[in-house]
Amino acid sequence: KARTIEACKEFPNITYLQGTTCDMVHKEKPDALNAYPLFLQMLGSRKIDILFIDSWHGGQYAKADWDAYSPYFATPALCICDDIYGGDCATIFGMMDFWKELPGEKHLSTNLHGGYPMGFTKVG
């Protein structure tokens, strides 16, 4: 997180926004910051070139984030998704199903994030 904040200070075209966008998470954690209204305000008329989805670990939450942000993608855009895990366990469920449904050119990398692959998809 600290390196991301440093990058935002150095490069004005990078924005770090932490919070949730998914109503399902707000029902489970009502004190969580709803980042979506702030996102819309900050975005203005710009488009998203690169999006990093590190949602609440579960395919339905990642899909909710995708559905919220993908309409604002530039053409082309890169979306990076954290924790694309093939199995279903108590903390990560349905992430591979979410990943398989995404459009675009896709690549999974196990070199960047110990234990769980990160997915990269180019859309548009």
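Residues 24 or more positions apart account for 54% of the contacts in the protein with a separation of 6 or more. The model is predicted. Of the 124 residues of the protein, 35% count as buried. Five helices and four strands make up the list of elements. Read along the sequence, they follow the pattern α-α-α-β-α-β-α-β-β.

Strand pairing comes next. Strand 1 covers residues 48-53, and five bridges join it to strand 2. The two strands run parallel. The chain passes from strand 1 through helix 4 to strand 2. This β-α-β crossover is right-handed. Within the pair, Ile53 stands opposite Cys81, a residue of strand 2.

Helix 4 spans residues 59-69 and holds both Lys63 and Asp67. These two residues form a salt bridge. Their closest N and O atoms are 2.9 Å apart. Along the helix they are four residues apart, about one turn. The structure holds one salt bridge. How exposed are its partners? Asp67 has a relative accessible area of 41%. That value lies between 20% and 50%, so Asp67 counts as partly exposed. Lys63, with a relative accessible area of 37%, is partly exposed because its value falls between those limits too.

Strand 2 contains a cis peptide bond. The bond joins Thr75 and Pro76, and its omega is about -5°. Pro76 has its place in strand 2. Pro76 is also one of the residues that Val123 touches.

Cys81 is buried, with a relative accessible area of 1%. Why does Cys81 form no bond with the closest cysteine sulfur? A disulfide is a covalent bond between the sulfur atoms of two cysteines. The closest cysteine sulfur to that of Cys81 belongs to Cys79, at 3.9 Å. The cut-off for a disulfide is 2.5 Å, so this pair is too far apart for a bond. The structure holds zero disulfides.

A loop follows between strand 2 (73-81) and helix 5 (95-101), and Asp82 lies in this loop. Asp82 has 7% relative accessibility. This is under 20%, so Asp82 counts as buried. Leaving aside neighbours within four places in sequence, Asp82 is in contact with Phe52, Ile53 and Asp54. Its contacts also include Met95, His113, Pro117 and Met118. Ile53 thus appears twice in this account: it touches Asp82, and it stands opposite Cys81. Asp83 lies in the loop between strand 2 and helix 5 as well. Phi of Asp83 is near 60°. This is a positive value in a residue other than glycine. At 4% relative accessibility, Asp83 counts as buried.

Strand 4 spans residues 118-123, and Val123 is placed in it. Thr121 has its place in strand 4 too. Is Thr121 buried or exposed? Its relative accessible area is 0%. The limit for buried is under 20%, so Thr121 is buried. The side chain of Thr121 has polar partners in the backbone. One of its polar atoms lies 2.8 Å from the backbone oxygen of Pro103. The backbone oxygen of Glu105 lies 3.4 Å from a polar atom of the Thr121 side chain. Beyond neighbours within four places in sequence, Thr121 is in contact with Trp66, Ala77, Leu78, Cys79 and Trp99, among others. Its contacts also include Leu102, Pro103, Gly104, Glu105 and Lys106.

Val123 is buried, at 9% relative accessibility. Which residues does Val123 touch, not counting residues up to four places away in sequence? They are Trp66, Phe73, Pro76, Ala77, Pro103 and Gly104. Trp66, Ala77, Pro103 and Gly104 are in contact with Thr121, and they also touch Val123. Pro103 and Val123 are 20 residues apart along the chain. Their C-alpha atoms are separated by 6.7 Å.

Note on methods. Residues numbered from 1 in each chain as written. Predicted model: local features only at pLDDT ≥ 70, side-chain atom pairs only at ≥ 80, totals over all residues. Heavy atoms only, no water. Buried < 20%, exposed > 50% of the residue type's maximum accessible area, 1.4 Å probe, protein only. Contact = heavy atoms within 4.5 Å. Salt bridge = Lys/Arg side-chain N within 4 Å of Asp/Glu carboxyl O. Pairing = 2+ DSSP bridges. Right-handed = clockwise from strand over helix to strand, strands pointing away. Polar contact = N/O pair within 3.5 Å; in protein donor to acceptor, adjacent residues only side chain to side chain.
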